[in-house]
Amino acid sequence: MASSFLRPNILSRHLKRPFYQNKRNSGYVVLIPEIGEDADRSTLLSENGLPEFNDLTIEKCIATISKQSLEYENGVRQIEESCINCKNAFVEIFQPLEKLDSQLELTWGMAKALYLGNSSLMPTKSYIQIHERAHKARSSKFNSIPIYYAAVEEKNRLKKLTDEEQRLLDKYILEGKLNGLDVKGAKRDRLDNILNELQKQRSTIRQKVSVATKVFSSIINNELVAKEFPESLAKAMSINHEADKGPWKITLQPHIYEPFMQYCPDRSLRWNAWQAHVQRCSGYTNKDFETSTNIEKLRGYRSEQASILGYDSFVDMSMETKMAGSLENVINVLDNLLTTARPMQEVELDTLQNYANDRGFDSKLEHWDIPYWQRKQKWSLYSFDENKIREYFPLPKVINSLFNLCSNLFKIQIVERSDTHTWHKDVKYYDIYDETYNKPVAGFYLDPYAREDEKIRVYDDAGWHVSIRQKNFATSTQPLSALIFNFQPPSDGKQSLLTFKEVSALFQRFGHALRHLLTTANYSEVAGLSNVEWDAAEVCGQVMTHWLYDQHTVQSISGHYRTDEPLPEEIIQNLQNIRRHMAGYDLCKELYLSRLDLELHSKKTFWRDVVMELWPKYNVLPFDKYDSHLLSFTKIFSEEWGAAYYCHLWSKMIAADIYSAFDEARESNQDILTISRRYRDTFLATGGSCHPSEVFRRFRGRDPSPHALLNNLGLTKKNVNE
């Protein structure tokens, strides 16, 4: 029985088939072919120790993962026997488990990289097969009662433990607790039934929302309406797949709906689409897709699951794997942010109303008007054009400058290596050298370009980071990653050019990868990104994006693809202004959804009553009586973010506070490199081997504060009063 609080794999929400669990099994029901002759070449590595991606086939991956999974499960059983009369659990149990992990994780990671980098070589169906089999095998150690009690006894026996040893034991103990290894008898049977029901309800909600999203459509024949659409939107909406030739079809798919609401000048069309969007899965539309009953059942099952495991609520259970630690701490931060953001939201909407009125709009702004007028106001104020800015960010210059920035900050060298096998000719491999070693401490693949019919794409694609191999002292292996993006490829002799949003995605993913690549932890289970609390998981990526608002950094990474002229200062200043545009309104939306999630999973009140109670506290615009947005909130009901939606906002708060240390150093003429060294020695080095609250205190010398985030968004009390 896999823990529901393992940090979610980023791929999970994009795999089309639901995962089904056995009643008393440690994993998923998966059909795997018999081990074939390809399993003999189980390492899939070339002589240089790196994967042979160019010789990797589906058959080899499946055969190898099948063989390694069986070996893994047999190895766990052998280790369970060692738990009897165990004298030293680290030597007799956890180090052998580390060795077991090494090969399985590598093959699994290679399959992930191939799936995202070239899905024609690793189709979704095949990857799911590999993913489920590997997950089932790996879950066996966390569902082992002997290993669980060995961890408990070792923690009680040893009085002096390093941070890393403490965290390793705590991880096995917590996973065992959340998997219900302490639960016996009838409660055990009931817990198994609950987990099966939870899977069914999550799957049902996901399917209903998916169908309800696809059902709605509306046709536009008026060319004047479509005239304001960007070419990419017009082409995506055109039934003829030609931007300037209609008719154009409105749907609720995110890549259509969201830009349509920003660019459609016809208010009635916006209203119609908005109503359809917020009424999905409600009783006001097709009752076959209604999810209210499913959501209430799911909430009930989650509450009962938490109770059986000894928690007061599902939220309390969730907090076991969060930096925040308690519901009270989360609410204190959310309320602190709201105190400043809510008044600013009122100012912003009044200003937007006046802006719209000055341009002939004679009604009161409603929900379906905000995206359209918000975009127009932003353009009027800052003349911000992503396509124009794109000319200043040629990919080769951005990458070289990013590598140089990291080299200067963290005293590393990033060196391209040629004797490697990759899944496509555009993929490059880089070694990372530390100033204290003459051998690479880590390595990563970079696959930057979109390839039609080859790579997985999702709306608002921010790229992927795949942990192919963990740092593992027991097997003397170094971290290995893949960074996979869908940037515009070079064409007609012109370099690949990035929008600022894409530059930000590159920085974020690379900052995230550095936590994996520069870890100094010895146990793979707590190294790098492993075992990092959910609400701190995105921190290092967010920290990296803050450098894009430093004038010197932006100038160094930008250069017009024809003249190499850096981005004009006026545009650099506007980047900061755009980040702050209607920040109070946007922040209040995130605060509302975060609090809504927590209330739903800590109380038994009917969902609509919770919505009605919270809405006016966070939103200036009145609630529409037909608004049923919660019923399609799949992130908290079908994905892994139930009682955890706030984590994204928490990570941003922590990252802003971390980066403010660099700002403070500049203002006081301190050495920036001293700060960056401390950042590397704490957040990048420790990974999951130390609790993030303690890591933060070691870096900042105090507990986190939301002030830096508010300041970045222009939402300090000084700004509000002005």
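**Helix crossing and mixed sheet**

Helix H18 passes helix H24 in a right-handed crossing. In this predicted model, the axes of H18 (residues 539-546) and H24 (residues 647-667) come within 8 Å and cross at roughly 50°. Angles from 35 to 65 degrees fall outside the roughly parallel and roughly perpendicular ranges, and H18 and H24 are therefore classed as oblique to each other. From H18, the contact is made by Val-539, Gln-542, Val-543 and His-546. On the side of H24, these residues meet Ser-651, Lys-652, Ile-654, Ala-655, Ala-656, Ile-658 and Tyr-659. By class, the contact of H18 with H24 comprises 7 nonpolar, 3 polar and 1 charged residues.

A second element of the model is an open sheet of 5 strands, with the order E3-E4-E5-E7-E6 and mixed pairing. Strands E3 and E6 (464-469) form the edges, each pairing on one side only. Neighbouring strands of the sheet are turned by 25° against each other on average, direction ignored. Strands of a sheet pair through backbone hydrogen bonds, either parallel or antiparallel.

At one edge, strand E3 (residues 412-417) runs antiparallel to E4 and is joined to E4 by 6 bridges. Within this pair, Val-415 has Asp-431 in E4 as its bridge partner. On the other side of E4, 6 bridges lead to strand E5 (residues 440-449), and E4 and E5 also run antiparallel. Tyr-433 stands opposite Pro-440 in E5. The connection from E4 to E5 is a hairpin of 5 residues. Of the 7 residues in E4 (residues 428-434), 5 are buried, so this strand is largely enclosed by the rest of the structure.

At the other edge, E6 pairs with strand E7 (residues 480-487) in the antiparallel sense over 5 bridges. Here Val-466 stands opposite Ala-482 in E7.

Helix H16 (residues 395-410) lies across four strands of the sheet, namely E3, E4, E5 and E7. Relative to E3, H16 runs at about 140°. The edge strand E6 pairs on one side only and is not listed among the strands that H16 lies across.

Conventions. Residues numbered from 1 in each chain as written. Predicted model: local features only at pLDDT ≥ 70, side-chain atom pairs only at ≥ 80, totals over all residues. Heavy atoms only, no water. Buried < 20%, exposed > 50% of the residue type's maximum accessible area, 1.4 Å probe, protein only. Helix = DSSP H or I, 4+ residues; strand = E, 2+ residues; numbered from the N terminus. Pairing = 2+ DSSP bridges. Axes fitted to C-alpha atoms, helices over the stretch in contact; angles between N-to-C directions. Parallel < 35°, antiparallel > 145°, perpendicular 65-115°, else oblique. Left-handed = near helix turned anticlockwise from the far one by under 90°. Contact = heavy atoms within 4.5 Å. Nonpolar A, V, L, I, M, F, W, Y, C, P; charged D, E, K, R; others polar.
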